[in-house]
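Work through the two exercises below with the sequence and the model side by side. Each task is followed by a solution that goes step by step.

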Amino acid sequence: VYAKKTIEEMLEMKKPIQVTRSSMPDFEEYIEEIRSIWENHWLTNMGEKHRRLEKELMDYLDVPNINLFTNGHLALEYVIEAFNLKGEVITTPFTFASTTHAIVRNGLKPVFCDINPVDYTIDVEKIESLITDKTSAIVPVHVYGNICNVYEIERIAKKYNLKVIYDAAHTFGVTVDNIGIGNFGDASMFSFHATKVFNTIEGGAVTFKDERLNELLNQLKNFGITGPESVEYVGGNGKMNEFQAAMGLCNLKHVDREIEKRKKIVERYMENLEGIEGIIFSKNQKGVKHNYSYFPVVFDGYKLNRDEVFEILKENGIIARKYFYPTINSFECYRNEYNPNDTPIAKSMSEKVLTLPLYADLALEDVDRICEIIKR
Ligand code: T4K
């Protein structure tokens, strides 16, 4: 037994540490949750688990309205469509491909605003200079779980009569001044992808202010069907299925404990890396309860640059990620229309940032080891 355990431990030690690892309930817990699916033969199309998860999430996120989707990206595409926007949408290029693609796939033109170098969210001081008579909305991103300056964005949106749809993919459970982050703007999109703090395998949600939006979102995500014999919209299929919802129901029971564990890991990283010249990480934002979804570190003036640190970690079996490099305005599909030098802070951050491994079960000893490699 001892020999077997030792071999298993050695194999475990040799496994690379990835940037994240999905949180999962106990196998038996999930099986128990999906048992009724076999009894009812009801697999999808807004079933009992879908409805129950909506209720539980409204409670958890402390929001008045929610609608669930197959994934976060479709949630964003559909909610943009629901607002029937035209023309230009102000957003940032320092995000995952999804944010911009959702705008473009709705026939809208993204206008890239730079980010601020403190929390990497949209630079609110630059928004107004980008507003034209064609601007219809702002799609800011709460990147890494850091929240945008929601109050200033609200002021600007009111002044120019713009819709605000947050990409809140990273901010599950985050609050500011004790208000759930999904309450800001006209709507927010959350991602429940396998790599997120809370997952439904794939999945996502839109939270929103105006309850009338719910019916339209239900119709858009279900082929535009509005009645037994009527189809009023050219909708698609964005429904969350019952297996996804079941995973969500299980994971939701454990999410607070998972976030607590993540917090300890982030604190350990900070203890290890605090005060080292050229290593910068974002500080806690005032009034914000964080979810510790990512741990981005900026290497600026350190003895090694970001790419060198990335390679050395990789040689040691640590797979950090360059989220978000390159910036969206330098993607092949957008680079003819945009110049990444127009958003210099985003460009510079994307070249210097590395997101270090972070997931609830990451051992503190592994955090120490990762930091030792960086320091050495
Ligand atoms: N907006 C923003 C700001 C986003 O960050 C995202 C998604 C979206 C919108 C769209 O939401 P979704 O439609 O995805 O719900 C990952 C995720 O696929 C993506 O959800 C996420 N952002 C993005 C930042 O990261 P990749 O291509 O880096 O994932 P991948 O497959 O390389 O996985 C990363 C690591 O996660 C793996 O090395 C191991 C671990 N992993 C991965 C999977 C798939 C697991 O432990 N279990 C798994 O099942 O995009």
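For the first exercise, Ala, Val, Leu, Ile, Met, Phe, Trp, Tyr, Cys and Pro count as nonpolar, Asp, Glu, Lys and Arg as charged, and the others, Gly among them, as polar. The model is a predicted one.

**Exercise 1.** Describe the shell around the ligand: its residues, its polar contacts and the elements that contribute to it.

*Solution.* Begin with the shell itself, in which 26 residues surround the ligand, the closest being Asp167, His170, Ser191, Arg321 and Tyr323. Sorted by class, the residues of this shell divide into 8 nonpolar, 14 polar and 4 charged.

Next, turn to the side chains that approach polar atoms of the ligand. A polar side-chain atom of serine 191 is 2.7 Å from a ligand oxygen, while an N or O atom in the side chain of glutamine 18 lies 3.2 Å from an oxygen atom of the ligand. In the case of lysine 196, a side-chain N or O atom is found 2.9 Å from a nitrogen atom of the ligand.

Then consider the cover: the ligand taken alone exposes 930 Å², of which the protein buries 75%. Helix H4 (72-82), helix H5 (97-104) and strand E8 (187-191) are the elements that give two or more residues to the shell.

**Exercise 2.** Determine how many disulfides the structure has, and whether cysteine 148 and cysteine 250 are buried or exposed.

*Solution.* A search of the whole structure returns 0 disulfides. For cysteine 148, the nearest cysteine sulfur belongs to cysteine 113 and is 10 Å away, whereas a disulfide requires a pair of sulfur atoms within 2.5 Å.

Finally, compare each relative accessible area with the cut-off for burial, which is under 20%. Cysteine 148 has 2% and is therefore buried; cysteine 250, with 0%, is buried as well.

Definitions and conventions
Residues numbered from 1 in each chain as written. Predicted model: local features only at pLDDT ≥ 70, side-chain atom pairs only at ≥ 80, totals over all residues. Heavy atoms only, no water. Near = heavy atom within 4 Å. Polar contact = N/O pair within 3.5 Å; in protein donor to acceptor, adjacent residues only side chain to side chain. Areas by Shrake-Rupley, 256 points an atom, 1.4 Å probe, with all protein chains shown as cover. Helix = DSSP H or I, 4+ residues; strand = E, 2+ residues; numbered from the N terminus. Buried < 20%, exposed > 50% of the residue type's maximum accessible area, 1.4 Å probe, protein only.
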